[in-house]
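Please work through the following exercises with the sequence and the model side by side, attempting each task before reading its solution.

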Amino acid sequence: MSTATYTVKGMTCGHCVSFVKEEVGEVAGVTSVDVDLKSGRLTVVSDGPVNETEISGAVKEAGYELVGVS
């Protein structure tokens, strides 16, 4: 198991959180996604390391921007 934490910019409501969770959850290998609206924190749990570019692409597909890795 691998856990990575990122920061997402642009989310303003619960629907934003749902869109990000849905898109990131579709990335191959991802087993769990948690999004905190207030902090913008995105936590991704996966079977193994996931390429940050894939996570960034999923966040962008949802309409938001990945701005950092924690």
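**Exercise 1: a loop residue**

Aspartate 47 has a relative accessible area of 57% and is therefore exposed, where exposed means over 50% relative accessible area, buried under 20% and partly exposed in between, with a 1.4 Å probe and protein chains only. The model is a predicted one, in which local features need pLDDT of at least 70 and side-chain atom pairs count only at pLDDT 80 or more, while totals for chains, interfaces and linings use all residues. Residues are numbered from 1 along each chain as its sequence is written, and side-chain values use heavy atoms, with hydrogens and water left out.

Task: Determine where aspartate 47 is placed, and which residues it is in contact with beyond its neighbours within four places in sequence.

Solution. Begin with the secondary structure, in which helices (H or I, at least four residues) and strands (E, at least two) are DSSP runs numbered from the N terminus. Aspartate 47 belongs to the loop between S3 and helix H2, the latter covering 52–62. Next, take contact to mean heavy atoms within 4.5 Å; once the neighbours within four places are set aside, aspartate 47 is in contact with Met1, Gly29 and Thr31. Finally, compare aspartate 36, which is eleven residues from aspartate 47 along the chain, although their C-alpha atoms are separated by 22 Å.

**Exercise 2: two residues of a strand**

Task: Decide whether serine 46 is buried or exposed, and find which residues are touched by serine 46 and by threonine 43.

Solution. First, locate serine 46 in strand S3, which comprises residues 41–46; threonine 43 is also found in strand S3. With a relative accessible area of 3%, serine 46 is buried. Not counting residues up to four places away in sequence, serine 46 touches Met1, Ser2, Gly29, Val30 and Thr31. A polar atom of the serine 46 side chain also lies 2.4 Å from the backbone oxygen of glycine 48. Under the same exclusion of residues up to four places away, threonine 43 touches Thr3, Ala4, Thr5, Ser32, Val33 and Asp34. As a last step, note that the C-alpha atoms of threonine 43 and threonine 7 are separated by 8.7 Å, with these positions 36 residues apart along the chain.

**Exercise 3: two residues of a helix**

Task: Classify the exposure of histidine 15 and of glycine 25.

Solution. Start from helix H1, residues 14–25, where histidine 15 is found, and where glycine 25 is found as well. Histidine 15 counts as exposed, because its relative accessibility is 58%, whereas glycine 25, at a relative accessible area of 36%, is partly exposed. Leaving aside neighbours within four places, glycine 25 is in contact with Val30 and Val33. Then turn to C-alpha separations: glycine 25 and alanine 58, 33 residues apart along the chain, are separated by 8.7 Å, while histidine 15 and leucine 37, 22 residues apart in sequence, are 10.0 Å apart.

**Exercise 4: the chain as a whole**

Task: Work out in what order the elements run from the N terminus, and why the chain is described as being as compact as a globular protein of its length.

Solution. Count two helices and four strands in the protein chain, then read their order from the N terminus as β-α-β-β-α-β. The radius of gyration is 10 Å, close to the 11 Å that the globule rule gives for 70 residues, so the chain is as compact as a globular protein of that length; this radius is taken over C-alpha atoms, and the rule is 2.2 Å times the number of residues to the power 0.38. Along its principal axes, the C-alpha trace spans about 30 × 20 × 20 Å. Of the 70 residues, 36% count as buried. To finish, consider the contacts with a separation of 6 or more, of which 62% come from residues 24 or more positions apart.

Methods:
Polar contact = N/O pair within 3.5 Å; in protein donor to acceptor, adjacent residues only side chain to side chain.
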